Amino acid sequence: MPSYKYSQKRFFVENLSIENIAKKNITPFYLYSSSQIRDNFSNFVKSFKNINPLVCFSVKSNSNPFILKFLKKLGSGADVVSQGELLKALRAGIKPSKIVFSGVGKSEEELRIAIKKKILLINVESESEALLVNKLSKKMKRKTTIGIRLNPNIYANTHKKISTGKAEDKFGLSKNELLKLCLKISKFKNLKLIALSVHIGSQILSDNPFKKSLNVISDVIKKTKIKFKYIDLGGGFGISYKKNDKKIKLNNYSKLVYKFKKKFNCEIIFEPGRSIIGNAGILVAKVQYLKKAKNKTFAVLDAGMNDFMRPALYDAVHEIVPVIQNNKRTKSIVEFVGPVCETSCKFIKYKNYQKLSENNFVAILNVGAYGSSLSSNYNTRPLISEFLVYKNKFKTIRKRQNLLELIKV
Ligand code: LLP
């Protein structure tokens, strides 16, 4: 996280002291670095330079309108999974020709909007969905460009709750079902099949599953005998949450995709989310109480699982660092927990953490992806503020939800 670093024991985002920001604002809050987002985006594009892919940022990872606008300016398209995300992407100025729509359960209304807006691809995930898109397109006198999502039955070696490419997962069509649908597709007069898409899972840290997936796709393309204009290879590129998480080697994968692109003479689409925004965000919280318990001390933060779900949902590990460092260490175990009335509202445990006091500020790291976008009002807690450092200035990009609004009947 090069945009976040300590200087003289104070934690900084770009050139701004996080303590100063925390003192002036209600905690907890999300804080993002635009220079980190820009670097992540341009590094991603650089890794696939020879391929010149269309990069469609996965809006579900972070759907803050300002962040979407910022990514649009960097040249990003959008991968959306709902009407809300589609409308947000359009409002951010992203052209329909750079938007792809995935998801197993798109409603009629969502499909109608996607057809009307003439987005680049509706990636259909079942024959019934293809039928419905065809029927709606006919009514609307349109020929809709679609992709079909393949379930390549690949083990992505990631958390079971974020794996999407195994046969038992609900996503996409098996090779056989996909081939059957391809044979019928010419009968669907209002559809134009131009793409094949896959997405095998998220937080993948090895290029192996991606390579395997490419092999399955190659095999399927040959069998369909269809000339696809686009191959949408999805997202899933992992980031380092823990110090010894190995880094994914995008360059190796890039070489393979290059060969693949040459062989099939197609355009490549990627749908990265986490690798663009994950390490660009932190969540700043205050230690509300310190409470001694058997063999440990609880540091009760003012941020809870409703603000940041990943630890409770996936046992995800997110480091928590002090906003001001000191040289004093505790002997007892410190467990960071939140205020929500659930045992799983807890974050991380440390041995020998630095000595904390009540009202100290801390930062939960790497929360840019699936942080604010997964937050909720559970326990009737308002959604928290989001701030962005942009051109060396601090900017509010979402106001803290007003409690009176929230409790209105
Ligand atoms: N494309 C499709 C079709 C997807 O379903 C996803 C994520 C992506 C792209 C973006 O994947 P990424 O590059 O961010 O890995 N909430 C979970 C992650 C769920 C991912 C869902 N799909 C978490 O916090 O780990």
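**Cavity, barrel and helix packing in the predicted model**

About 30 Å³ of space lies in the largest cavity. A cavity here is a set of points, on a 1 Å grid over the protein atoms alone, where a 1.4 Å probe fits but cannot get out. Its volume is the space filled by probe spheres set on the points, which are joined across faces, edges and corners. The structure is a predicted model, in which local features need pLDDT of at least 70 and side-chain atom pairs count only at pLDDT 80 or more, while totals for chains, interfaces and linings use all residues. Residues are numbered from 1 along each chain as its sequence is written, and side-chain values use heavy atoms, with hydrogens and water left out.

The structure holds 1 cavity of 30 Å³ or more. The largest cavity is lined by V198, H199, I200, F210, S213, L233 and Y253; a lining residue has an atom within 4 Å of a point. This lining has 5 nonpolar, 2 polar and no charged residues. Ala, Val, Leu, Ile, Met, Phe, Trp, Tyr, Cys and Pro count as nonpolar, Asp, Glu, Lys and Arg as charged, and the others, Gly among them, as polar.

The second largest pocket holds about 730 Å³ of space. A pocket is an open set of points with protein on both sides within 12 Å along at least five of seven lines. In all, 34 residues line the second largest pocket. K60, T164, F171, H199 and Y370 lie nearest its centre. H199 also appears in the lining of the largest cavity. By class, the pocket lining divides into 10 nonpolar, 14 polar and 10 charged residues. Helices α10 (274–277) and α11 (310–314) each supply at least two residues of this lining. Helices (H or I, at least four residues) and strands (E, at least two) are DSSP runs, numbered from the N terminus.

A closed barrel of 8 strands runs β5-β6-β7-β8-β9-β10-β11-β12. Its pairing is parallel. Two strands pair if DSSP finds at least two bridges between them. Direction ignored, neighbouring strands of this sheet are turned by 30° against each other on average. Strand β5 (residues 54–58) pairs with strand β12 (residues 267–270) in the parallel sense, over 2 bridges. V55 has F270 of β12 as its bridge partner.

Two helices pack on this sheet. Helix α5 lies across β7 (99–101), β8 (121–124) and β9 (144–149). Its direction runs at about 145° to β8. Angles run from 0 to 180 degrees between N-to-C directions, and axes are lines fitted to C-alpha atoms, for helices over the stretch in contact. Helix α6 (residues 127–139) touches β8, β9 and β10 (191–197). The direction of α6 also makes about 145° with that of β8.

Helix α4 (residues 83–91) packs against helix α5 (residues 108–116) at an angle of about 25°. The two axes are 9 Å apart. That angle makes α4 roughly parallel to α5, a term for angles under 35 degrees; over 145 is roughly antiparallel, 65 to 115 roughly perpendicular and the rest oblique. Q83, L86 and L87 of α4 make the contact with E109, E110, I113 and A114 of α5. Contact means heavy atoms within 4.5 Å. The residues of this contact are 4 nonpolar, 1 polar and 2 charged.

Helices α8 (residues 208–224) and α9 (residues 250–264) pack at an angle of about 5°, with their axes 10 Å apart. They are therefore roughly parallel to each other. On the α8 side, the residues are F210, K211, L214, I217, S218, I221 and K222. They meet Y253, L256, V257, F260, K263 and F264 in α9. The contact of α8 with α9 has 9 nonpolar, 1 polar and 3 charged residues. F210 and Y253 also line the largest cavity.

Towards the start of the chain, 3 strands form an open antiparallel sheet in the order β1-β2-β3. Its edge strands are β1 and β3 (16–17), each pairing on one side only. Strands β1 (residues 4–7) and β2 (residues 10–13) pair over 4 bridges. Y4 stands opposite V13 in β2. The hairpin of β1 and β2 has 2 residues between the strands. Q8 lies in that loop and has a positive phi near 45°.

One cis peptide bond is described here, running from T27 to P28, with omega near -5°. P28 sits in the loop between α1 (18–24) and β4 (29–33). Most residues other than glycine have a negative phi, and most peptide bonds are trans.
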